[in-house]
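Reader: I should like to learn how the global features of a protein model are read. May we go through them in turn?

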Amino acid sequence: MRLCREALAHLPSHVYRPDYDVSRLQPGIVHLGCGSFHRAHQVTATQAAINAMGEKGLRWGIATTAMRRPELVRQLARQDNLFTLLTREPHDTTASVIGSITDSLFAGDPEANIAGRIADPRTRIVTLTVTASGYYLTADNRLDPEADAILADLRRLDEDQPARTATGLLVQGLAQVRAGGGVPPVILCCDNVAHNGATLRRAVTDFAALSGRDALADWIEATVQFPDTMVDRITPTTFADDIADARRLLGGIEDAVPVPAEPWFEWIIGEFEGPRPDWEAHEGTQFVPDVAVFERAKLQMLNGTHMILAYVGGLAGLTTIAEAAADPVLGPIAAHFMRNEQSAGVELPAPRLDRYTRNLMKRFRNPAIVHQVERIGRNGSAKMAARVIRPMRENLLAGRPVTGAVLLIASWIRWFALHEQEALEISITDPRAKSLRLICAEARDDHRAQAEAFLAMEEVFGPPLPHYDHIVSEIAALLHRFDTQEVRQVLADLAADI
């Protein structure tokens, strides 16, 4: 039997399930960016809210939208939008069937009418997890007017065709709300972008202005709420083992799209006006007046450290974040980088930063979470400014060491250099991959030229770093060492100095 509404009655007693009639749910939330993280995070928290709210919670179903590929939402639709959350402790796994999705849609399907769903009076909240690269931002977190996807969407708007980017869909939907005199939904960006609510507001108003709709841009700026949020739950890719575990835990019922996740869950949401689900029913969710300190800690200390583990781990032949974090040499380097460099500007007491570092490294080492370094290494050029360069710049201005940041950047460049030479088994996904490989091809044997050309990309790194020439020299020296020494030896030498 396949997981579906009928199958709910046949689940083993140890499987958690919805406490409500999933057939009675109505969509009150539209989501852009259906993927594993969304299902392990917002969808799971919404189920807890509906369970807690009883009859009143039935208005908070989610119409979720895949932005690029339709396979996942089509599989969900075949399962009545049900799926299994596999919560993976180091030595145990629990299964929960999640049923808070009402509709599974694909943005590329004209009949999906995503903009119309955003404008539907029942829709009170729009959430997004399209990844940082899905907003097409420059290094200063403004909409990139030259991005191909943005230019294509502007043409679609001129031709009255459905948009395909998140910003384009929001502009189309909000334009319909304004034209109809309705109340706009609250827009919740749940991606790892600095000041994500304010950043998305600017991107949406930029898009509206670029399309020639200045009055709409002004209305959005004055009327629509874009609270900041911080989200945190490590959610790896689903593999065959996850599907097999779901079948076993569900007593033989098949689920084609289970999602594994760590036990940790955190969702910090800026306060806003209007109706919402009782998301606080899910432990780890809280509404706060100011998200900034939570956001910065997470972006820099978690996401930035993820990047050093991915790029350096990949060079060292490690395949998962858990392996990299548990490595006797790389693990301490990463922990030192997290606590002593990535905490710059995070206004939390030292004991709390110490505790946060220990907890994060423990989470990273969870062997049950198979988080591929290849996946974490994606889209580095879209992540670098907020996660690495911002604290690096502060440390340089304060005269503090930036050894870890130099190692991270050099390792990232080395990925492209090896890839250009067809000497890297890891595949690279990055919006600027073509130009970055070209840099490495043109300066194959000149490590300083490679470092200079990468750091000169202000759309990635922002304005020139303090002590620019010195940083270029340090990165070039590491690139030379990677080219002439074993990676393990380079890491051992660096670890001896921390």
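**Reading the chain as a whole**

Author: Let us begin with charge. The chain carries 51 positive and 64 negative side chains, and the centres of these two sets lie 4 Å apart. Please note that this is a predicted model.

Reader: How many helices and strands does the chain have?

Author: There are 21 helices and 11 strands. The radius of gyration is 23 Å, close to the 23 Å that the globule rule gives for 498 residues, so the chain is as compact as a globular protein of that length. Along the principal axes, its C-alpha atoms fill a box of roughly 65 × 55 × 45 Å.

Reader: What percentage of the residues is buried, and what share of the exposed area do carbon and sulfur atoms supply?

Author: A residue is buried when its relative accessible area is under 20%. Here, buried residues make up 58% of the 498 residues. The chain exposes about 20200 Å², of which carbon and sulfur atoms supply 48%. As for contacts between residues at least 6 apart in sequence, 75% join residues at least 24 apart.

Reader: How many disulfides does a search of the whole structure find?

Author: A disulfide requires two cysteine sulfur atoms within 2.5 Å. The search finds zero. For cysteine 34, the closest cysteine sulfur is in cysteine 190, 13 Å away, which is too far for a bond. Cysteine 189 is likewise in no disulfide, the nearest cysteine sulfur, that of cysteine 190, being 6.7 Å away.

Reader: Are cysteine 34 and cysteine 189 buried or exposed?

Author: Cysteine 34 is buried, with a relative accessible area of 12%. Cysteine 189 also counts as buried, at 2% relative accessibility.

How values were computed: Residues are numbered from 1 along each chain as its sequence is written. This is a predicted model: local features need pLDDT of at least 70, side-chain atom pairs count only at pLDDT 80 or more; totals for chains, interfaces and linings use all residues. Side-chain values use heavy atoms; hydrogens and water are left out. Helices (H or I, at least four residues) and strands (E, at least two) are DSSP runs, numbered from the N terminus. The radius of gyration is taken over C-alpha atoms; the globule rule is 2.2 Å times the number of residues to the power 0.38. Buried means under 20% relative accessible area, exposed over 50%, partly exposed in between (1.4 Å probe, protein chains only). Contact means heavy atoms within 4.5 Å. Accessible areas come from the Shrake-Rupley method with a 1.4 Å probe; for residues, only the protein chains shown count as cover. Lys and Arg count as positive and Asp and Glu as negative; His and the chain ends are not counted. The place of a charge is taken as NZ of Lys, CZ of Arg, CG of Asp or CD of Glu.
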